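Let's take a walk through this one, from the sheet outwards to the pockets and the packing. Have the structure open as you read.

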Amino acid sequence: MMMRSFEEDDNVKCGDLCALQNKLNKLIESGSDNIQIVADFDYTLTSFHPTGTCFSVIRTYPGFSKEFLAKTGVIKDKYYPIHIDHTLPEAVRRKSDAEWFAQVIQCFVGEQFQRHQISDMLEASSCRLRAGVADFLALAHKHSIPVLIVSGGISDVIESLLRREQCYHDNITILANQLQYDAEGVMVGATPPFMTASSKLDVVRDHAYFRKVKRDHLLLLGDMLSDLLVGECVVCTCTLSVGFCHHPDNDLTSYTRSYDIVLLGNPDFGVVNHILSSIVADC
């Protein structure tokens with residue numbers, strides 16, 4: 001039934017249906033006690049449009065100066081096209097992402113905002129979880145499935161959004177960039193090593209989390225090809241990957257070659273929830 005629904009949905013693409021069916025069977029047979037979840041955050045757990053990223057939550061805050069808003073907008077316009085261009089050499093994209101991160105952090109420091117303002121920035125932004133994500137996280141929590149969020153975004157923003165939506169459960173771990181604050185709570189920088197979409201693997205490769213959590217099966221969620229690399233940190237026998245493809249005209253072939261399931265458009269979490277419900281026998 002699940003496979004048929006995938007085949008009949010024009011916004012669901014599968015490169016190898018036979019391999020997908022085999023993986024689904026393994027995960028369903030093994031159940032909730034043997035699976036862990038690793039997910040990207042921006043544009044994976046959050047919607048692609050009209051929402052923004054963790055950085056844009058801060059970058060577009062109307063309480064900041066016009067000079068700040070203009071400067072960070074120019075920086076985004078310069079680096080974002082490189083960030084999403086999978087035809088460029090990885091070294092070029094990594095260098096560009098690192099420059100982008102460093103310049104934006106310096107702009108943030110210049111505004112001297114405080115940690116408690118993050119919630120105000122979220123309220124003023126369009127950043128939202130995809131429909132169904134809260135249900136997904138609740139189901140994982142109900143069945144004690146470890147959830148690791150690995151993001152090139154900002155941990156304070158991720159945690160604040162999850163708390164606002166009442167889905168920051170105790171089975172969730174966040175690995176993302178940590179902002180630094182002084183004794184008065186004013187933002188003064190970020191803690192290295194800095195994590196970008198293209199440097200995730202290098203930053204988290206040796207993290208203690210992967211030695212602590214031991215489960216043979218992995219549900220891996222992302223929206224960029226580099227998100228798949230984090231799966232290399234997990235010692236497991238079966239990985240089922242779901243990718244959100246936002247630029248199918250350029251990326252669909254490479255995505256269907258790399259992800260087991262590719263979702264087009266700006267979908268909700270219905271397909272992912274169907275998969276998890278089948279695994280935990282909670283349909």
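## Strands 3 and 4

Start with one pair: V150 has L175, in strand 4, as its bridge partner. Keep in mind that we're looking at a predicted model here. That V150–L175 bridge belongs to a bigger match-up, since strand 3 (residues 147-154) runs parallel to strand 4, with 5 bridges between them.

## The whole sheet

Zoom out, and you'll find 7 strands making an open sheet. Read across, the order goes 1-9-8-7-2-3-4, and the pairing is mixed. As a reminder, strands in a sheet pair through backbone hydrogen bonds, in either the parallel or the antiparallel sense.

Which strands sit at the edges? They're strand 1 (12-13) and strand 4 (172-177), each with a pairing on one side only. For strand 4, strand 3 is a parallel partner.

## The largest pocket

The largest pocket comes in at about 730 Å³. Its lining takes in 38 residues, and D42, T53, Y80, H83 and W100 are the ones nearest the centre. Sorted by class, that lining holds 14 nonpolar, 15 polar and 9 charged residues.

Where does the lining come from? Helix 3 (54-59), helix 4 (66-83), helix 5 (90-111), helix 11 (248-258) and strand 3 each chip in at least two residues.

## The second largest pocket

Next up is the second largest pocket, with about 150 Å³ of space. Strand 4 turns up again here: its 3 residues are the largest share of the lining. Helix 9 (200-204) also supplies at least two.

L175, the bridge partner of V150, is one of the lining residues, along with A176, N177, Q178, T191, P193, M195, V203, V204 and H207. How many of the lining residues are charged? None: the split is 6 nonpolar and 4 polar.

## Nonpolar cores

Now for the packing. The largest nonpolar core counts 71 residues, and F6, I58, F108, F113 and I275 have the most contacts inside it. Helix 5 is the top contributor to this core, giving 6 residues. Apart from that core there's another, of 23 residues, including Y209, F210, V234 and L264.

I58 is worth a click. Setting aside neighbours within four places in sequence, I58 touches F64, F68, F108, F113, I118, M121, I154, V157 and L179. Two of those contacts, F108 and F113, are also on the list of residues with the most contacts inside the largest core.

Key:
Residues are numbered from 1 along each chain as its sequence is written. This is a predicted model: local features need pLDDT of at least 70, side-chain atom pairs count only at pLDDT 80 or more; totals for chains, interfaces and linings use all residues. Side-chain values use heavy atoms; hydrogens and water are left out. Two strands pair if DSSP finds at least two bridges between them. Helices (H or I, at least four residues) and strands (E, at least two) are DSSP runs, numbered from the N terminus. On a 1 Å grid over the protein atoms alone, a cavity is a set of points where a 1.4 Å probe fits but cannot get out, and a pocket is an open set with protein on both sides within 12 Å along at least five of seven lines; lining residues have an atom within 4 Å of a point. Grid points are joined across faces, edges and corners, and a volume is the space filled by probe spheres set on the points. Ala, Val, Leu, Ile, Met, Phe, Trp, Tyr, Cys and Pro count as nonpolar, Asp, Glu, Lys and Arg as charged, and the others, Gly among them, as polar. A nonpolar core is a set of buried Ala, Val, Leu, Ile, Met, Phe, Trp, Tyr and Cys residues joined through side-chain atoms within 4.5 Å. Buried means under 20% relative accessible area, exposed over 50%, partly exposed in between (1.4 Å probe, protein chains only). Contact means heavy atoms within 4.5 Å.
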